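User: Please take a close look at the surroundings of the ligand in this model. I would like the contacts first, then the secondary structure that carries them.

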Amino acid sequence: MKKVHSLTGMIDLIGSKVGKNNIADKIFYTETILKNIFESYSISEIRTPSLEDTNLFKRSVGDTSDIVNKELYSFLDKNDKSITLRPEGTASVIRSIIEKKIDNESHKLWYLGPMWRYERPQKGRYRQFNQAGVEMLGYSEGLAELEIVSMICSIIRKLKIEDPILKINHLGDRDSKQKFCIALVDFLKPLATKLDERDLKRLDANPLRILDSKNPKTLEILKEAPKIKDYLSNKSLGTLELIKSTFSNECNIEIDHNLVRGLDYYTGFVFEAVSSNLGAQDAFLGGGRYDDLCHELGGKELPAIGMAIGIERLASLAKSIEIPKTLVSLIIISSKIEPKAYKIAHKLRSISKSINIDVQLSDGSLKSKLRRANKDNAAYALIIGEEELESETVIIKPLLDKNSEQTVMSFNEIESFIKEID
Ligand code: AMP
């Protein structure tokens with residue numbers, strides 16, 4: 001029968017004990033580290049649905065973004081309502097706090113999950129990918145910026161990310177942004193015939209986004225255009241300098257006044273972390289301040305800043321992924337004693353905090369089970385046969401250190417041993 005294939009740009013992640021794809025292990029490990037870091041900054045988890053009303057993304061991510069223009073996975077449901085698989089996490093978080101009427105308080109939230117964008121798949125770019133994100137809601141420019149950058153430094157340090165550069169910029173406060181946009185529009189209007197359709201749309205809807213154009217003709221025109229940095233207030237410039245000086249010992253931070261982000265809702269401080277080891281798709285996280293989004297989606301005025309991390313890209317950059325757990329493989333030699341011997345596994349699991357105990361469930365010889373334990377990188381094999389059960393002992397065979405001899409321990413001793421290596 002004809003096989004069914006996965007969809008273009010959508011990948012399976014299978015742990016290395018089953019699949020051969022060791023990026024999956026790196027991804028799962030990276031997710032655990034990120035969750036621990038978020039919790040250590042006292043941030044709470046939020047989970048929102050994968051499907052949302054299409055209007056949510058049109059009104060937040062915006063009409064001038066590639067995401068809304070070309071990449072939404074939108075469908076009509078059975079009621080002819082247009083629904084969309086979320087392309088990013090921020091809009092749903094804001095929708096959720098408005099709906100729960102908690103948009104008048106501050107919140108620190110993190111999320112992790114799949115996102116969907118109908119992009120042209122290539123290395124580091126998928127149609128379904130995973131993002132972890134943090135949203136600091138109800139905090140004005142200041143300490144929240146430092147908190148986000150501190151978190152980025154912790155992630156880079158903990159995962160030993162290769163060759164990271166954190167690019168930062170400021171899109172201006174309301175007053176300076178307005179002045180800059182007027183100057184930019186005044187400069188570009190007479191040249192409008194040279195702009196393509198998308199940039200013309202941006203000129204009307206959100207002129208700042210023209211700075212994100214990929215059209216070489218527009219980029220040439222922009223060389224002579226007014227520059228954001230000439231319009232920034234001292235406070236905005238001070239924010240950039242403060243961030244750079246606070247964290248320059250920890251991370252390579254560059255101020256890049258051409259950095260604007262691909263989504264419409266950003267205001268103020270923006271950033272993107274890149275690494276030369278990623279190739280063409282070089283950003284592994286990005287974000288910024290979005291002080292107007294909550295109000296624009298029908299909620300209260302709520303200043304906010306957030307970031308989104310591309311898990312696949314971050315994991316591919318993580319240099320040394322320690323697999324922190326010790327694996328112990330329990331081999332029961334005779335099927336006659338299985339239930340009794342199994343009780344030992346159950347007991348050991350109840351007393352161990354971080355050791356993984358793999359009970360080999362399938363039939364097979366001692367030799368084949370030891371082969372399996374070695375393949376799984378188990379540190380020890382615990383072997384129980386009829387004789388051992390009778391004498392209430394277990395054979396312990398160290399597998400990683402080939403020079404160590406196997407020993408026999410009593411049931412009590414094995415419990416102490418597990419506690420010792422835990
Ligand atoms: P964005 O929401 O576009 O700011 O993206 C945040 C991060 O998500 C990026 O820096 C990438 O690391 C990651 N990312 C975005 N789009 C994709 C994609 N199609 N495939 C894999 N990762 C992605």
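Analyst: What follows goes from the ligand outward to the sheet behind the shell, and then to the second sheet. The model is predicted.

The shell around the ligand has 14 residues, and those that come nearest are Arg-117, Glu-119, Tyr-126, Arg-261 and Ala-283. By class, the shell residues divide into six nonpolar, three polar and five charged.

Backbone atoms supply several polar contacts. For Tyr-126, a backbone N or O atom lies 2.8 Å from a nitrogen atom of the ligand. Ala-283 places a polar backbone atom 2.9 Å from an oxygen atom of the ligand. At Leu-285, a backbone N or O atom is 3.4 Å from an oxygen atom of the ligand. The protein buries 91% of the 480 Å² that the ligand exposes when taken alone.

Three elements give two or more residues each to this shell: β6 (128-137), β10 (283-289) and β11 (304-310). The largest share comes from β10, with three residues.

These strands belong to an open sheet of eight strands with mixed pairing, in the order β1-β5-β6-β11-β10-β9-β7-β8. The edges are β1 (44-45) and β8 (253-255); each has a single partner strand, so one side of each has no neighbour in the sheet. Within the sheet, β10 and β11 run antiparallel and are joined by five bridges. One bridge pairs Gly-288 with Gly-306 in β11.

Two helices can be placed against this sheet. Helix α4 (residues 90-99) lies across β5 (107-116) and β6, at about 45° to β6. Helix α5 (residues 143-158) packs on the sheet and touches β5, β6, β7 (164-170), β8, β9 (269-275), β10 and β11. The direction of α5 makes about 15° with that of β11.

The second sheet is also open and mixed in pairing, with five strands in the order β13-β12-β14-β15-β16. Its edge strands are β13 (356-359) and β16 (407-410), each with a single partner strand, so one side of each is left without a neighbour in the sheet. From one strand to the next, the twist averages 30°. Strand β15 (residues 393-398) runs antiparallel to β16, with four bridges between them; among these, Thr-393 has Ser-410 in β16 as its bridge partner.

Helix α12 (residues 338-351) packs on this sheet, touching β12 (327-332), β13 and β14 (380-384), and its direction makes about 170° with that of β13. Helix α13 (residues 366-375) lies across β12, β14 and β15, running at about 170° to β12.

Note on methods. Residues numbered from 1 in each chain as written. Predicted model: local features only at pLDDT ≥ 70, side-chain atom pairs only at ≥ 80, totals over all residues. Heavy atoms only, no water. Near = heavy atom within 4 Å. Polar contact = N/O pair within 3.5 Å; in protein donor to acceptor, adjacent residues only side chain to side chain. Areas by Shrake-Rupley, 256 points an atom, 1.4 Å probe, with all protein chains shown as cover. Nonpolar A, V, L, I, M, F, W, Y, C, P; charged D, E, K, R; others polar. Pairing = 2+ DSSP bridges. Contact = heavy atoms within 4.5 Å. Axes fitted to C-alpha atoms, helices over the stretch in contact; angles between N-to-C directions.
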